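Here are some notes for a colleague on one helix and on several aromatic contacts, to be read alongside the model.

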Amino acid sequence: EVNGMKKGDMDMTKGAILPQILIFALPLILGQLFQQLYNTFDTWCVGNFVGKNSFSAVGTVGSITNMLIGFAGGFSTGAGVVISQYYGAGDKEKVRKSVHTSILFMAVLSVALSILGVALTPFLIRIIKAPPEVAAEEYIYLTIYFSGITGLLLYNMGSAIFRAVGNSRLPFIFLIVSSLMNITLDLVFVIALKMGTGGVAYATIISQGASAILVFIALKKTKSQVSFRFRELRIDWKILSRIIFIGLPSAIQMAVTSFSNVFVQSYINQFGADVMGGWTAYNKVDQLLFLPMQCMGLAGMTFVAQNYGADNIKRAKRGADITLVSAVTTTLVLVIPIIVLAPQVVRFFINGEEVIEYGTLFLRLLSPFYVLCCFNQVYSNALRGIGRSKTPMYVLLFSFVLARQIYLYIVSNYISNTIIPIAMGYPFGWILCSSIITVSYLVSFKKEEKKLCKDNGDGL
């Protein structure tokens with residue numbers, strides 16, 4: 001340990017930028033890959049050992065579960081930014097107060113969201129307009145999932161705390177353990193015990209609970225500034241107000257965007273079980289393609305926040321731009337083979353020529369647009385890193401909710417209510433969002449540079 005910085009933590013305010021971004025992002029990417037592995041294994045299990053209805057149910061409720069997960073995740077993001085800024089500024093006392101405030105706040109919030117999720121499940125299932133045989137399976141899965149969501153939300157907060165000080169290695173290790181546990185429980189509950197959709201849900205919440213326990217054991221044992229002590233567990237209201245100020249816009253944006261996707265899913269569901277199955281297979285690949293850019297965006301956010309806290313806005317901007325180039329390059333490398341091998345990829349999840357045909361269509365139609373998503377993923381997080389979380393909230397809500405819903409309504413009612421124009425609602429939102437967020441990023445960082453020059457008396 002040196003100056004309160006434990007081995008595994010990373011001070012990003014000095015040194016070569018690209019290696020820091022990549023070293024930080026790689027465990028995030030690998031960890032999320034393992035998480036997607038067990039999510040993929042869930043759908044593979046039900047697709048091959050339960051049936052098409054269960055496969056569609058588990059694969060199409062993501063917009064519902066992400067609504068509450070995203071809302072809580074916004075506050076984890078806010079906590080991570082606040083801790084990163086204090087860490088970059090070298091304020092050890094406020095780092096510790098921020099850690100304990102964040103954990104206690106998330107513990108209370110997670111219980112409230114669990115109760116809310118179970119209560120809202122019947123209403124949300126009605127909104128997505130799934131066929132009755134699929135809706136019954138969705139109800140089973142969501143009721144169990146929301147009952148045990150506390151483990152996931154506490155793990156996410158603990159991981160955000162570690163990432164705030166540049167340590168993405170430990171959350172990665174815990175995700176590996178959680179993923180392997182989930183796969184093992186899937187084999188037992190679904191294949192051996194024939195528990196069906198409920199078995200997948202139980203396997204998920206048990207493994208997520210285990211990851212939460214592991215991350216808090218690590219927080220308790222670490223000797224760094226983010227160490228957790230029960231006796232220090234209290235709310236610092238001034239720090240909480242900062243976390244909420246930065247995190248609430250992200251929370252609202254994530255929750256409302258996911259809620260909007262519930263309605264998008266209802267447009268897909270009207271085309272029947274085969275299209276739903278193809279869309280489910282596409283969604284699994286979609287999550288993998290988004291993974292690198294999301295993780296690099298988080299790495300960029302931590303880099304920007306630490307350097308912003310250290311009053312080095314030029315280095316912060318340089319880091320964000322390098323992060324974007326890395327994200328675009330990685331995404332291109334992944335997209336090309338997916339387009340070529342689309343039928344084989346879909347067939348891995350489920351058999352059935354109609355389902356495979358639709359899944360292949362979605363992959364080849366939408367995958368080329370993923371490069372554009374890198375701009376909104378990286379630059380949104382860069383804006384959050386300097387505390388401007390309202391800007392990405394407004395832009396993402398306008399692009400992914402309002403504009404996309406208007407597009408879908410016009411297309412389905414006045415142009416062509418067929419699957420291809422409906423599916424193109426996603427790229428429409430991505431293009432709009434990336435264009436606006438890039439301009440917002442350039443303007444905001446220019447303002448911060450001028451402000452810092454003025455504060456330092458350096459002139460322009």
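**Notes on a helix and on aromatic pairs**

1. The model is a predicted one. In it, helix H3 is followed by glycine 90, a residue whose phi is positive, near 80°.

2. Helix H3 covers residues 62-89, which makes 28 residues, and from its first C-alpha to its last it reaches 38 Å, a value close to the 40 Å expected at 1.5 Å a residue. Along this span H3 nevertheless carries a kink of about 25°, and the kink is centred on leucine 68.

3. As for its surroundings, 24 of the 28 residues of H3 are buried, so the helix is largely enclosed by the rest of the structure.

4. Turning to the aromatic rings, the count comes to 19 aromatic pairs when ring centres within 6.5 Å are taken as paired. One of these is formed by tyrosine 141 and tyrosine 145, which are stacked, at 5.7 Å centre to centre and with 20° between the planes. Because tyrosine 141 and tyrosine 145 are four residues apart in helix H5 (residues 132-147), about one helical turn separates them. Both tyrosine 141 and tyrosine 145 are buried.

5. Tyrosine 145 also forms an aromatic pair with phenylalanine 146, and this pair is edge-to-face, with 6.1 Å centre to centre and 75° between the planes. Phenylalanine 146 is buried, as is tyrosine 145.

6. Elsewhere in the sequence, one aromatic cluster is formed by Trp279, Tyr282, Phe290, Phe362, Tyr370, Tyr426 and Trp430.

Technical notes: Residues are numbered from 1 along each chain as its sequence is written. This is a predicted model: local features need pLDDT of at least 70, side-chain atom pairs count only at pLDDT 80 or more; totals for chains, interfaces and linings use all residues. Side-chain values use heavy atoms; hydrogens and water are left out. Helices (H or I, at least four residues) and strands (E, at least two) are DSSP runs, numbered from the N terminus. The expected span of a helix is 1.5 Å times one less than its number of residues. The bend at a residue is the angle between axes fitted to the seven residues ending there and the seven starting there. Buried means under 20% relative accessible area, exposed over 50%, partly exposed in between (1.4 Å probe, protein chains only). Rings of Phe, Tyr and Trp (its six-membered ring) pair if their centres lie within 6.5 Å; planes under 30 degrees apart count as stacked, over 60 as edge-to-face and the rest as tilted.
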